[in-house]
Amino acid sequence: MKSADIRRTFIEFFAERDHRVVPSSSLVPNDPTLLLTNAGMVQFKPYFLGEEQPGYTRATSVQKCVRTTDIESVGITARHNTFFEMLGNFSFGDYYKESAIPWAWELVTEVFGIEPASLWMSVYEEDQEAEDIWRSTPGVPPERVIRLGADDNFWDMGATGPCGPCSEILYDRGESLACGPDCRAGCDCDRFLELWNLVFMQYDRRSDQSLVPLPRKNIDTGMGLERLAALKQGVATIFETDIVAPVLQAVSDLCGVGLGEAGPTDVSLKVVADHARAATFLISDGVIPSNEGRGYILRRLLRRAVRHGRLLGIERPFIDGLSDVVVELLGVAYPGLEEHHRLVSGVIRSEEDRFGQTLEQGVNLLGRVIEEARGAGEDTIDGPTVFYLHDTLGFPLEVTREIAADQGMKIDGDGFDRLMSGQRERARASREDEADEFGEVFTGLLRSCGATAFEAYTVCGLDTTVSAIVVRGEPVDQATDEPEVEVVLAATPFYAESGGQVGDTGTIAVPGGSVQVTDTFYGAQGLVVHKGRLTGSASVGEPARADVDEAGRADISRNHSATHLLHWALRLVLGTHAKQAGSLVTRERLRFDFTHFQPVSPEELEEIERLANERVLEDAPVDTDVTGREEAVAGGAIALFGEKYAESVRVVRMGDFSRELCGGIHVERTGRIGPIRIVSENGIGAGLRRIEATSGHETLRHYRRQQELVSRTAVALKVAPEDLPGRVQELAARLKELERASAREAAKSAAGTAASVMETGRTVEVAGVRMLFATVPGDDAGRLRDLADMALTRNELGLVALVAASGDKAQLVVKVDRVVTARLNAKELAAVGGKVLGGGGGGRDDMAVAGGSNLGGLAAALQAVEKSARERLE
């Protein structure tokens, strides 16, 4: 049975049972507590928590997922992978165990035809209800229903979130794969394959780890498509299924080794195939390699794949070719792969090239560390070094371990683990701070006050009521003269920060005072919070007048509409792979991040700016309407990377050329944007570029400033503005000639000083190496390096050491002829002299410098350098 048929059969089974078929969401979740979508239920989390109402009570989906918790097991077991597709059915307060369990049994045994004698069913040890339903389901062998503990049969998302007891359907692959005589259902070996997990979602785990009952009981199930495909296709591992095997075969074709031909290479073949699949999907969903968050996960996957490629003998970049295979296999099921194919290839090529340099750098550093450790009589590479290689250079831990083992060395694994744990804890705390700062307070207010009536699209001012006041993270009934207060209104004309557009500013007037609003944001889904300074007093329940700063709103609207025009122009000039990947829209400027894998040329930027301004002059109408998400996308509306959209979406149309899903506030016609000016363009990561621009009044202010500068410069140079270029070229040519003349004089002076140094300095010869040691006058301290070079080359010396006093600092330069660097090291000699001068030194093997505050130690520093040089030569 092909994987495509498995997807279709699963979806049709639940669609026939009144489930809404919901498309897979992005791998980038709309959830600050998660880096990546790791389960089918992630996009439904607000429904489980009761924060949102979906408009349906049953759903089914095939969700793309990435998990890296078991990354070290990939390639070793038959079932572990980082990227997988999860088949799932969900109930939001509709059916519960009484339907979920019999349906699962029916689908697995009757529809997919899996033999009941090969199945085991586990339930949570305290879940009598689930056990009774299983045992009463027709066809279920009662003796194959077993109880297991929380580690196996209580599911949660991690530290916080929806959770509950679960029941797993396990496939017994036979005693031949047993790990020992005591192997039984629930064992983590390759004999028992977890096929389907039925989660009975009934709790919300809070940050204090308490379990709070959810508003209603829910069902969340997940079955790995690849695992089911392995069973239905009669293969031993997921890597031999029809959606993975072609990728693995492409790797085999590159290295000339097939699966099963050489035991040690099997793991590398599987790792490369799996990681190529994961990387292709992550980049397609807008994840870009970086050193933090989800970008680091992608970077780790790519670099791990490169390393295993090296172990297979593949030295050239190759993963972008594997992504082509992934797109060909799964592009029909996931159209985004085809749409972003060019971007995926470009990002992978860039990252492979970058890691090729890092790999060499890491190997060289590791070689030096091993040599130093051996010299100190140690056999272990310390944890901080291993962590630096891993965290800063992106050097895979297994690479460090293997290279060390080849040299008879070990690594400090415990030290590395401590540093990694500290980093993970800091990252976890950061995510929780981001997600939970006053979060529970606002969630509680949402429950008690209800969602804010959002009127920002239609008015800039309205009469309303104060629903809540928060001071220093605590709800209060009344507040007086607070420098910072957060106010929730029953209805608001203020736009809350979202989609890159900053929140509105303005005023909230109440009978006893007013709030100067400096920011507006969502405290919880649907709850608009106004932050500002309270003058006078305000109380919950009293009437209020809310007024937005209309001039500020107008400037923000211009910049937001300008981002849409730039997005349209970018895709026209660079290609459709150029897609918005983030933005910031303020009153003064706009910042626009987009996917592209090389710098945008000045000519391209000029064309982008020209096209955008042409649309401004066209004065095209800007319209908005609300429609279904799938209908909007099918109609050509652009959905942005990493964004999660509700079933109903807002579409912003500009003329007949731009259509985007957007919740922001815009001008009514493009002509009101005013002139658009691109200020800068630069790279901010692999495959990610950033444009900064202005529009409207800010652009006009810039042009006025430029005109003023031109006028002032023309007056200063006593020419007309149109003659400025010629006058500047004339002055530049004159300056260049003066610099040449000055350089000639300086060279003559340096030559004279070098000759003087030879006369006044002391020249000695040791073991065939002539060495010069001299003190240079303070006026020439800035030319020590040049003097050392000149003295060395003109007088056939092997070493030159010069010292000088400049202001309050003593300086030392050591220059060694390359012929004798095997015997004399300039960096080491400079370090010796630097200690005498009260400082340190650094440089190369043939040239180094040192300095310090000991002005009286110049002669002693030369003596120390000479003594050290003699010891090395004799």
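Modeller: Helices (H or I, at least four residues) and strands (E, at least two) are DSSP runs numbered from the N terminus. This is a predicted model, in which local features need pLDDT of at least 70 and side-chain atom pairs count only at pLDDT 80 or more, while totals for chains, interfaces and linings use all residues. Residues are numbered from 1 along each chain as its sequence is written, and side-chain values use heavy atoms, leaving out hydrogens and water.

Biologist: Which helix gives the most to the largest nonpolar core?

Modeller: A nonpolar core joins buried Ala, Val, Leu, Ile, Met, Phe, Trp, Tyr and Cys residues through side-chain atoms within 4.5 Å. The largest one has 108 residues, of which Phe 10, Trp 134, Trp 196 and Ile 381 touch the most other members. With 11 residues, the most is given to this core by the helix spanning residues 341–375, α12.

Biologist: How many residues are in the other core?

Modeller: This other core lies apart from the largest one. Among its members are Leu 570, Leu 590, Leu 605 and Met 654, and its residues number 29.

Biologist: Where is Asp 619, a residue with positive phi, and is Asp 619 exposed or partly exposed?

Modeller: Although Asp 619 is not a glycine, its phi is about 55 degrees. Its place is the loop between α18 (602–618) and β24 (622–628). Buried means under 20% relative accessible area and exposed over 50%, with partly exposed in between (1.4 Å probe, protein chains only), so at 30% Asp 619 is partly exposed.

Biologist: What is the phi of Asp 18?

Modeller: Asp 18 sits in the loop between α1 (3–15) and β1 (20–21), and its relative accessibility of 63% makes it exposed. Most residues other than glycine have a negative phi. For Asp 18, however, phi is positive, near 65 degrees.
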